[in-house]
Amino acid sequence: ELLVRPCLDLLYHGVEASEVANSHDEQVFIRSAIDNARVHDELVATLTADVKLDKGRPEYHRVSLKRASSLHDKLKYSYHATSTGVQRSSRVLSLRGADGLMMLPRGGQLGCGQDLAKAGQSYPVLLYQSSSC
């Protein structure tokens with residue numbers, strides 16, 4: 001398992017100053033850290049209904065996803081995103097059935113100039129799991 005402290009030492013001070021320098025092979029550690037770095041898979045999905053944008057900040061909005069085949073090419077897919085409901089942190093139920101987080105822009109005049117992310121518009125979604133869709 002990857003430990004945070006040795007990684008921070010490695011990033012800030014280099015191999016010589018970190019605990020890794022005393023290990024059997026710092027290259028093995030570095031390679032393992034890179035291989036074990038986990039990044040969320042991402043896709044672009046189209047909203048199925050309007051979503052009100054937050055005028056104070058950009059938002060990660062919980063959504064459920066459905067995959068649809070292209071009309072012209074059955075090997076190509078598009079994704080449709082539906083909000084899971086109220087997005088407050090106290091609303092744990094909105095996690096139920098969510099496949100990922102749609103990255104929505106800040107709304108209003110100081111943001112994207114719109115108050116709504118409209119049905120039919122597409123935005124990136126960070127998937128909770130690679131196999132979500």
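# Close-up views of a predicted chain

The structure holds zero aromatic pairs; such a pair would need rings of Phe, Tyr or Trp (its six-membered ring) with centres within 6.5 Å, called stacked if the planes are under 30 degrees apart, edge-to-face if over 60 and tilted for the rest. This is a predicted model, where local features need pLDDT of at least 70, side-chain atom pairs count only at pLDDT 80 or more, and totals for chains, interfaces and linings use all residues. Residues are numbered from 1 along each chain as its sequence is written, and side-chain values use heavy atoms, with hydrogens and water left out.

**View 1. The whole chain has two helices and seven strands.** Helices (H or I, at least four residues) and strands (E, at least two) are DSSP runs numbered from the N terminus. Follow the sequence and you meet the pattern α-α-β-β-β-β-β-β-β. Of the 133 residues in the chain, 26% are buried; buried means under 20% relative accessible area, exposed over 50% and partly exposed in between, with a 1.4 Å probe and protein chains only. About 9,400 Å² of the chain is exposed, with carbon and sulfur atoms supplying 53% of it; these areas come from the Shrake-Rupley method with a 1.4 Å probe, and for residues only the protein chains shown count as cover. Among contacts (heavy atoms within 4.5 Å) between residues at least 6 apart in sequence, 66% join residues at least 24 apart.

**View 2. The largest nonpolar core has 15 residues.** A nonpolar core is a set of buried Ala, Val, Leu, Ile, Met, Phe, Trp, Tyr and Cys residues joined through side-chain atoms within 4.5 Å. Leu-43, Ala-45, Leu-65, Met-102, Leu-104, Ala-117 and Val-125 touch the most other members. At least two residues of this core come from each of strands E1 (42-47), E3 (59-69), E4 (77-83), E5 (100-104) and E7 (122-127). In soluble globular proteins, nonpolar side chains tend to be buried together.

**View 3. Leu-104 and Leu-53 touch each other.** Beyond residues up to four places away in sequence, Leu-104 touches Val-51, Leu-53, Pro-58, Glu-59, His-61, Ala-117 and Tyr-123. Is Leu-53 buried or exposed? Leu-53 is buried, because its relative accessible area is 3%. You can find Leu-53 in the loop between strand E2 (51-52) and E3. Leu-53 and Asp-115 are 62 residues apart in sequence, yet their C-alpha atoms are 5.5 Å apart in space. With residues up to four places away set aside, the residues that Leu-53 touches include Gly-107, Cys-112, Gln-114 and Leu-116.

**View 4. His-61 is a residue of strand E3.** His-61 counts as buried because its relative accessibility is 5%. Which side chain makes a polar contact with that of His-61? The partner is the side chain of Ser-83, at 2.7 Å. A polar contact is a pair of N or O atoms within 3.5 Å; within protein, one must be able to donate a hydrogen and the other to accept it, and residues adjacent in sequence count only if both atoms are side-chain atoms. Aside from neighbours within four places in sequence, His-61 is also in contact with residues including Val-51, Gly-85, Gln-87, Gly-100 and Met-102.

**View 5. Tyr-123 and Ser-122 sit in strand E7.** Tyr-123 is buried, because its relative accessibility is 13%. Ser-122, in contrast, is partly exposed, with a relative accessible area of 41%. The side chain of Tyr-123 makes a polar contact with the side chain of Gln-121 (2.9 Å), while that of Ser-122 makes one with the side chain of Thr-46 (2.9 Å). From C-alpha to C-alpha, Tyr-123 and Met-103 are 6.4 Å apart, with their positions 20 residues apart in sequence. Setting aside neighbours within four places, Tyr-123 is in contact with residues including Leu-43, Leu-47 and Pro-105, and Ser-122 with Val-44, Ala-45 and Thr-46.

**View 6. Arg-67 meets the ring of Tyr-77.** The charged end of Arg-67 sits over this ring, 4.0 Å from its centre; a charge sits over a ring if NZ of Lys or CZ of Arg is within 6 Å of the ring centre and within 35 degrees of the ring normal. Ser-78, in strand E4, is partly exposed, with a relative accessible area of 31%. Not counting residues up to four places away, Ser-78 touches Lys-66, Arg-67 and Ala-68.
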